[in-house]
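Student: I should like a close look at a single part of this model, the surface that faces the nucleic acid. Please describe that part in detail and then follow it into the neighbouring portions of the protein.

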Amino acid sequence: MAKSKLITPMGEDYSRWYTDVVTQARLADYSPVKGCMVIRPHGYTLWENMQQALDRMFKETGHQNAYFPLFIPKSFLAKEAEHVEGFAKECAIVTHSRLKTEMVDGKATLIPDPDSKLDEELIVRPTSETIIYHMFAKWVKSYRDLPILMNQWANVVRWEMRTRLFLRTTEFLWQEGHTAHATPEEAEAETRKMLDVYATFAEEFMAVPVLTGRKTDSEKFAGALHTYCIEALMQDNKALQAGTSHNLGQNFAKAFDLKFQDEEGKWRHAYNTSWGVSTRLVGAVIMAHGDDNGLVLPPKIAPIQVVIVPIYRSGDDKDAILAKAAEIRTELTAAGLTVELDDRDKMNPGAKFNEWEMLGVPLRIELGPKDLEKGTVVCARRPDRAKSFEQMSGIAGTVSTILDEIQAQMLETARERRDAATFNVDDYDAFKAKLDDGGGFLLAHWCGSDACEAAVQAETKATIRCITFDAPEEEGACMKCGEKSTRRVHFARAY
RNA sequence: CGGGGCGUAGCGCAGCCUGGUAGCGCACCUGCUUCGGGUGCAGGGGGUCGGGUGUUCGAAUCACCCCGCCCCGACCA
């Protein structure tokens, strides 16, 4: 297997491998603004495909899309104490509404016009709880107005110190669902339901297996009662939080006076939930499936599902082969597949193979003179690069089947990889040793105290990623302090 | 914000120490050739050497200042 000229091998430097894949596969590029990225068509189509599947699932669970503004009055953020504290450190602030030209050292320079200073400064939303619950409060009067089940697709800004393409950028795209309910039970059910939607989406579309469970208090959303999460493991055995769902209780309802009259005419505060996934999911797909040849995409979300590469020796073959290739493309497109026919003349097949592999196209169809004679095509699967001969007749059905197999196989492979990197650890020294020797999810006993959690993090950089719902009851002793514990939690070093 | 590194053609780099008219690979353009795993040959275009100031007859190269980016850490989806 020829080594890629453009991508640093994963084993050599995982971090560079990731950056190489993102840039070489033309998913994104660095913006002139630090910490921001340009999402290029190949990356954006991937995001759109994920978006569409999620959006459908949100609608199926009764939610409607809306759009709230980018700018939030500064005073709004201050209303929920824990929330301010969580986000204040990373907010971009709009202070002026105009620029003006000023001469500095003989050069014309733009400065904020002092006369245009805003009476109330605006913050660029880091998340929209405040503005949304403020609006909900206007709209809700009666229990008959509940529940409100809303979602918005938007950009948000969090002024991060360290950024990485897709995984953490200053501005990112996401969806944030926001709901209001009459009872705590309903809110809790909603929180869990949307987490399940995320888990289903991650596994069925992204082919990324996820843990589902609860965050510890130190990891929960600022302002939430509690936070649920889906947590995935990347190929460098670091964990990635892939989505969160928060039960906000009445915290925001109280802060924003979101009240309704119940059946008895009594005023009560509503119960809120919020839940979100972001373009970070693109990073998750890259890191869960990619290899040294580049991107590997699950068929269900791949921007291009099938690429046809014609192979011909001379002008004589060329016309017939291209005609046949076009015919196959038409047939596949008619079957609802996204197909690219690579008829670039100046490039030889090997170069095309490598390029499409780098872009992660799940299935390549090779069509050459020998195939034309025999009525076959060669199908090459991206994940394992396996090739097979397939009959040209009924190709659409065959291809669909293969794509389904690839989708299933990718989830299976990712699951095996994760399970092979998940370990029970009982002893703190063993825990530390394991972290430095490969890492992964380490299932260990924890007493439940913030102090032990913080100490472990300070000493090892590992955090409690998730207290899984399905963790079995088990008598044990906290690996840090030795106090009683009733279940294991998932520790890992994380992104 | 701390530590480190790097700014020279679109990308990756050499040249800098020891100052003397800017080079290599890839990519790009033209033509031919090749095509079942990154074809080969020939020709060609492209650079205010991150910015400023200074030293010097002369600065990519030396000095000082500034800016930017990347990597590692603390914080975070």
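**The surface near the RNA and the strands behind it**

Tutor: Helix α10 (349-358), strand β19 (363-367) and helix α11 (369-374) each contribute at least two residues to the surface near RNA strand B. This is a predicted model, and the description below should be read accordingly. Of the elements that form this surface, α10 gives the most, with six residues.

In total, 38 residues surround RNA strand B, and the closest of them are R162, R168, R280, N348 and D371. On the RNA side, sugar and phosphate make up 44% of the atoms of strand B that come within 4 Å of the protein. The residues of the surface comprise 17 charged, 11 nonpolar and 10 polar ones.

Individual atom pairs give a finer view. For E160, a polar side-chain atom lies 3.1 Å from a sugar or linking oxygen of RNA strand B. The bases take part as well: an N or O atom in the side chain of K387 is 3.0 Å from a base nitrogen of RNA strand B, and for the side chain of S278 the corresponding distance to a base nitrogen is 3.3 Å.

S278 is the last residue of β16 (271-278), and T279 lies in the loop between β16 and α8 (280-289). Is T279 buried or exposed? T279 counts as buried because its relative accessibility is 0%, and the cut-off for that class is under 20%. Beyond its neighbours within four places in sequence, T279 is in contact with I39, W47, F166, F172 and L173.

K387, in turn, begins strand β21 (residues 387-391), the strand in which S388 is also placed. A polar contact of 2.7 Å joins the side chain of S388 to the side chain of E390. When residues up to four places away in sequence are left out, S388 touches V377, V378 and C379. C379 has a relative accessible area of 1% and is therefore buried.

The cysteines can be considered at this point. The structure holds zero disulfides. C478 is accordingly in no disulfide, and the nearest cysteine sulfur, which belongs to C481, is 3.7 Å away; the cut-off for a disulfide is 2.5 Å. C478 is buried too, with a relative accessible area of 4%.

To go from the surface into the protein, one may return to β19, which supplies at least two residues of the surface near RNA strand B. β19 pairs with β17 in the parallel sense, over five bridges. Within this pairing, V307 stands opposite R364 of β19. β17 is also joined to strand β18 (residues 339-341) by three bridges, and these two strands run parallel as well. There, V306 stands opposite V339 of β18.

Why is β17 described as largely enclosed by the rest of the structure? Five of the five residues of this strand (residues 306-310) are buried, so the strand is largely enclosed. Both of its faces are covered: V306, I308 and P310 are buried on one side, and V307 and V309 are buried on the other.

Taken together, the path leads from RNA strand B to β19, one of the elements that supply its surrounding surface, and from β19 through parallel pairing to β17, whose two faces are both covered.

Terms used. Residues are numbered from 1 along each chain as its sequence is written. Chains are lettered from A and ligands numbered from 1 in the order in which they are written. This is a predicted model: local features need pLDDT of at least 70, side-chain atom pairs count only at pLDDT 80 or more; totals for chains, interfaces and linings use all residues. Side-chain values use heavy atoms; hydrogens and water are left out. A residue is near a molecule or strand if one of its heavy atoms lies within 4 Å of it. A polar contact is a pair of N or O atoms within 3.5 Å; within protein, one must be able to donate a hydrogen and the other to accept it, and residues adjacent in sequence count only if both atoms are side-chain atoms. Helices (H or I, at least four residues) and strands (E, at least two) are DSSP runs, numbered from the N terminus. Ala, Val, Leu, Ile, Met, Phe, Trp, Tyr, Cys and Pro count as nonpolar, Asp, Glu, Lys and Arg as charged, and the others, Gly among them, as polar. Buried means under 20% relative accessible area, exposed over 50%, partly exposed in between (1.4 Å probe, protein chains only). Two strands pair if DSSP finds at least two bridges between them. Contact means heavy atoms within 4.5 Å.
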